[in-house]
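Q: I've got a structure open and I'm new to it. Could you walk me through how to read its features?

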Amino acid sequence: MLDVNHVVKKYGKNLACDDITFQLNPGDMTILLGPNGAGKSTIMKSIMGFLKYQGTITVDGMVNKTVDAKKVLGFVPEMPALYPNLTVSEHLEFIARAYKLTNYKDRIEDLLCRFELDDKRKKFGDELSKGMQQKLNLCIGLLPDPKVLLLDEPMIGLDPHAIKELKKYIDQMRSEGKTLLISTHIIDSVDMLWDRTIIMQKGQVKANITKPELEKTGQSLEDLFFSVTEGTKEEEA
């Protein structure tokens, strides 16, 4: 469903992504882990087609930058980018029309209720608290119901109820055969059902392992993360 092949991205002399390759299957939820500066956000933005890069990325067999690929690819950025002069309802209506969605009214109502924004629908984007802005950010990303969804640090700023609802929604999407990639550097935030973890360090993939494979080693996800990232530091020291 999502194929990333030999992707290289440089910012000047800085090599942010160094020959990144992985494949994600339908119905899989993959956790992209790594410390700050590991290259997680860069590869996410490359997949979305926001950046120029070397290599190839395809979504459901289509080049990621094509219009057809973008119709099945969704993204929830770490930082909400809201319009200050649009209300909560107007943000969602704008997205629905941009994606040419049909029969979306019930879906909007469901998302607003799930994330406790139903009483904020007439509030403008700049009137919302940071937590409420992040909830609207999620609703915007989830509304088109993409086949492949990327979430960059989605738990940051959410209250416990919203985190619970997001985890339930993620599990629902997995059961529907959607492909999910969640980037984070906070391991505790991804204590949920997952199928694969990819760990990055200094622009490289240092581990790519499924949950059953990890369970066979007797390690926890946290154990694996620190053995990979801190082990690398010790080798370089």
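**Reading helices and sheets**

A: Sure, let's begin with a helix: in α6, the buried residues are A162, E165, L166, Y169, I170, M173 and R174. Keep in mind as we go that this is a predicted model.

Q: What covers the buried residues of α6?

A: The cover includes two helices, α4 and α5, along with strands β3, β7 and β8. As for how α6 is laid down, it crosses β3, β7 and β8, and it runs at about 145° to β8.

Q: How can I check the span of α6 against its 16 residues?

A: Use the rise per residue. At 1.5 Å a residue, the 16 residues of α6 should span 22 Å, and the end C-alpha atoms are 23 Å apart, which agrees. Look just past the helix too: G177 comes right after α6 and has a positive phi of about 85°.

Q: Which residues of helix α4 are buried?

A: In α4, which covers residues 105–114, they are I108, L111, L112 and R114. If you look down the axis of α4, these buried residues fall within an arc of 165°, so they line one face of the helix.

Q: What do the buried residues of α4 pack against?

A: They pack against α3 (88–98), α5 (130–142) and α6 (160–175). After α4 comes E116, with a positive phi near 55°.

Q: Let's turn to sheets. How do strands of a sheet pair?

A: The general idea is that they pair through backbone hydrogen bonds, either parallel or antiparallel. In this model, six strands make an open sheet, ordered β6-β7-β8-β3-β9-β10, and the pairing is mixed.

Q: Which strands stand at the edges of that sheet?

A: Those are β6 (73–76) and β10 (204–210); each has a single partner strand, so one side of each is left without a neighbour in the sheet. On average, neighbouring strands here are turned by 15° against each other, with direction ignored.

Q: What does helix α1 touch when it packs on this sheet?

A: Helix α1 (residues 40–48) touches β3, β6, β7 (148–152), β8 (179–184) and β9. Its direction makes about 150° with that of β7.

Q: Can we zoom in on one strand? Which way do side chains point in a regular strand?

A: As a rule, they alternate between the two faces of the sheet. For our case, take β3: M29, I31 and L33 are on one side, T30 and L32 are on the other, and all are buried, which leaves both faces of β3 covered. Put as a count, five of its five residues are buried.

Q: How many bridges join β3 to β9?

A: Four bridges do, between β3 (residues 29–33) and β9 (residues 196–201), and the two strands run parallel. You can follow the register residue by residue: T30 stands opposite R196, and L33 has I199 as its bridge partner.

Q: And in which sense do β3 and β8 pair?

A: In the parallel sense, over five bridges. One of the partners to look for in β8 is L180, which bridges to M29.

Q: What is the strand order in the open sheet of four strands?

A: The order is β2-β1-β4-β5, and the pairing is antiparallel. Here β2 (14–24) and β5 (62–63) stand at the edges, each with a single partner strand, so one side of each lacks a neighbour in the sheet. Strand β1 (residues 2–11) is joined to β2 by seven bridges. For instance, K9 has C17 in β2 as its bridge partner.

Q: How about single residues: is K10 buried or exposed?

A: A residue over 50% relative accessible area counts as exposed. K10, which lies in strand β1, counts as exposed at 51% relative accessibility. Setting aside its neighbours within four places in sequence, K10 is in contact with L15 and A16. The C-alpha atoms of K10 and K52 are separated by 9.2 Å, and these two residues are 42 residues apart along the chain.

Q: And S46, is that buried or exposed?

A: S46 sits in helix α1 and counts as buried, at 0% relative accessibility. A polar atom of the S46 side chain lies 2.9 Å from the backbone oxygen of T42. Not counting residues up to four places away in sequence, S46 touches L51, Y53, I57 and N64.

Methods. Residues are numbered from 1 along each chain as its sequence is written. This is a predicted model: local features need pLDDT of at least 70, side-chain atom pairs count only at pLDDT 80 or more; totals for chains, interfaces and linings use all residues. Side-chain values use heavy atoms; hydrogens and water are left out. Buried means under 20% relative accessible area, exposed over 50%, partly exposed in between (1.4 Å probe, protein chains only). The arc is that of the directions from the helix axis to the C-beta atoms. Contact means heavy atoms within 4.5 Å. Two strands pair if DSSP finds at least two bridges between them. Axes are lines fitted to C-alpha atoms, for helices over the stretch in contact, and angles run from 0 to 180 degrees between N-to-C directions. A polar contact is a pair of N or O atoms within 3.5 Å; within protein, one must be able to donate a hydrogen and the other to accept it, and residues adjacent in sequence count only if both atoms are side-chain atoms. The expected span of a helix is 1.5 Å times one less than its number of residues.
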